[in-house]
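Visitor: Please take a close look at the empty space in this structure. What is enclosed, what is open, and which residues stand around it?

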Amino acid sequence: MNNDRSSASQIARRDFVKLGGAVAAGVATGGLLNTRFVHAAGASNVSAESVVGELYASLTDAQKQVVCRRYDHADRSKINANWHVSKVTIGDSLFSKHQRTLVDQIVRNITSSDGYDRLQEQMEYDDGGMDSYSFALFGEPGSDQFQFEMTGRHLTMRADGNHDDKAAFGGPLVYGHAQEYLPDSVFFYQTQQANEVFQALDPEQAKLALRKKAPSETAVQLQGEGGRFPGIGVDQLSADQKELVQSTLKTLLAPYRESDVDEVMKILKETGGMDQLHMAFYQEEDVDNDQVWDIWRVEGPSLVWHFRGAPHVHAYINIGVKA
């Protein structure tokens with residue numbers, strides 16, 4: 001990693017933000033990412049849940065003791081940027097090559113092609129690749145209650161077949177990247193997009209949106225109707241500004257498969273729509289003191305998306321209907 005932030009070879013972060021609109025437009029409409037996912041050549045058309053079922057059927061009793069849990073086990077609701085849901089990693093000799101391939105296929109099938117590539121780069125950089133991560137199966141595939149979960153450094157992924165219609169993705173997700181120079185992070189494009197919204201605000205709106213100190217990164221509990229949310233409400237924005245927020249949400253969701261994105265949008269619609277969301281930006285941890293806000297948050301009754309970009313990326317997602 002190049003730590004010389006004054007190097008002429010590095011584009012200024014402000015220039016990144018100026019370019020952000022074009023980048024984000026490509027993200028939202030089919031460039032780098034696309035919410036109407038087209039996977040890489042050779043990717044399976046079989047659902048992730050079908051592959052989970054195949055993985056489950058392949059497990060020996062000894063393997064089940066390590067990775068299988070009851071559906072209501074507390075581990076399924078744990079939120080952490082660096083933990084292992086099972087004591088044995090995917091690359092351990094306990095698992096066969098075929099089983100490791102199945103885990104990889106599940107991850108492919110719950111992401112877009114670009115999302116999968118970014119996660120592969122992140123996992124390789126952060127912990128030497130997917131083999132260093134772990135997985136667990138909650139409940140039993142084929143029943144009304146089951147879930148695949150993969151965790152490790154800066155990552156929590158889930159596949160649940162949309163069985164829980166009150167929780168998108170089956171529960172909270174985590175992603176991140178240990179790259180400390182943010183323009184080199186695989187998720188810096190999301191900060192570009194979020195800051196496009198901030199740049200579009202007028203001075204009075206910016207005062208509402210900008211806060212000094214951010215809440216805890218793990219404070220992503222859903223508040224539901226009547227909750228109090230930081231920042232500026234989308235209902236206070238102009239039509240053009242609302243379109244930017246909508247593009248931002250598309251950009252954030254683009255790494256994930258179409259069915260999960262559809263579930264998110266269904267939950268948002270049922271809980272008041274985009275106008276119920278707020279966006280907040282935080283002055284603390286402003287890398288390079290350039291007013292490209294590296295900590296930001298999108299929140300509403302049924303959605304919390306907390307992005308902490310300094311000193312490296314930790315992001316937490318929780319989308320669902322509060323019980």
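Guide: In this predicted model, a search of the whole structure finds two cavities of 30 Å³ or more. The largest cavity has a volume of about 70 Å³. Its lining is made up of T111, G115, R118, L119, M157, Y175, F187, P255 and Y256. Sorted by class, these are six nonpolar residues, two polar ones and one charged one. The charged residue is R118 and the two polar ones are T111 and G115, since Gly is counted as polar. Helix α5, which covers residues 113-127, gives the most to this lining, with three residues.

The second largest cavity holds about 40 Å³ of space. Around this cavity stand I110, M157, R158, F169, L173, Y256 and D260. Five of its lining residues are nonpolar, two are charged and none is polar. M157 and Y256 appear in this lining, and M157 and Y256 also line the largest cavity.

Next come the open spaces. The largest pocket has a volume of about 400 Å³. It is lined by 22 residues, and those closest to its centre are A167, G171, P172, L222 and N318. The classes in this lining are nine nonpolar, seven polar and six charged residues.

The second largest pocket contains about 190 Å³ of space. Of the 14 residues that line this pocket, G224, E225, T271, Q276 and P301 lie nearest its centre. Its lining divides into three nonpolar, seven polar and four charged residues.

One helix is left to describe, namely α4, which runs over residues 97-109. It has 13 residues, and at 1.5 Å a residue they should span 18 Å; the end C-alpha atoms are 18 Å apart, so the expected and the computed lengths agree. Within α4, the buried residues are Q99, L102, V103, D104, Q105, I106, V107 and N109; buried here means under 20% relative accessible area. The buried residues of α4 pack against three helices, α2 (48-58), α3 (61-67) and α5. They also pack against the strands β2 (134-139), β3 (146-152) and β4 (155-159). Helix α5 therefore has two parts in this account: α5 is packed against by the buried residues of α4, and α5 gives the most residues to the lining of the largest cavity.

Notes:
Residues are numbered from 1 along each chain as its sequence is written. This is a predicted model: local features need pLDDT of at least 70, side-chain atom pairs count only at pLDDT 80 or more; totals for chains, interfaces and linings use all residues. Side-chain values use heavy atoms; hydrogens and water are left out. On a 1 Å grid over the protein atoms alone, a cavity is a set of points where a 1.4 Å probe fits but cannot get out, and a pocket is an open set with protein on both sides within 12 Å along at least five of seven lines; lining residues have an atom within 4 Å of a point. Grid points are joined across faces, edges and corners, and a volume is the space filled by probe spheres set on the points. Helices (H or I, at least four residues) and strands (E, at least two) are DSSP runs, numbered from the N terminus. The expected span of a helix is 1.5 Å times one less than its number of residues. Buried means under 20% relative accessible area, exposed over 50%, partly exposed in between (1.4 Å probe, protein chains only). Contact means heavy atoms within 4.5 Å.
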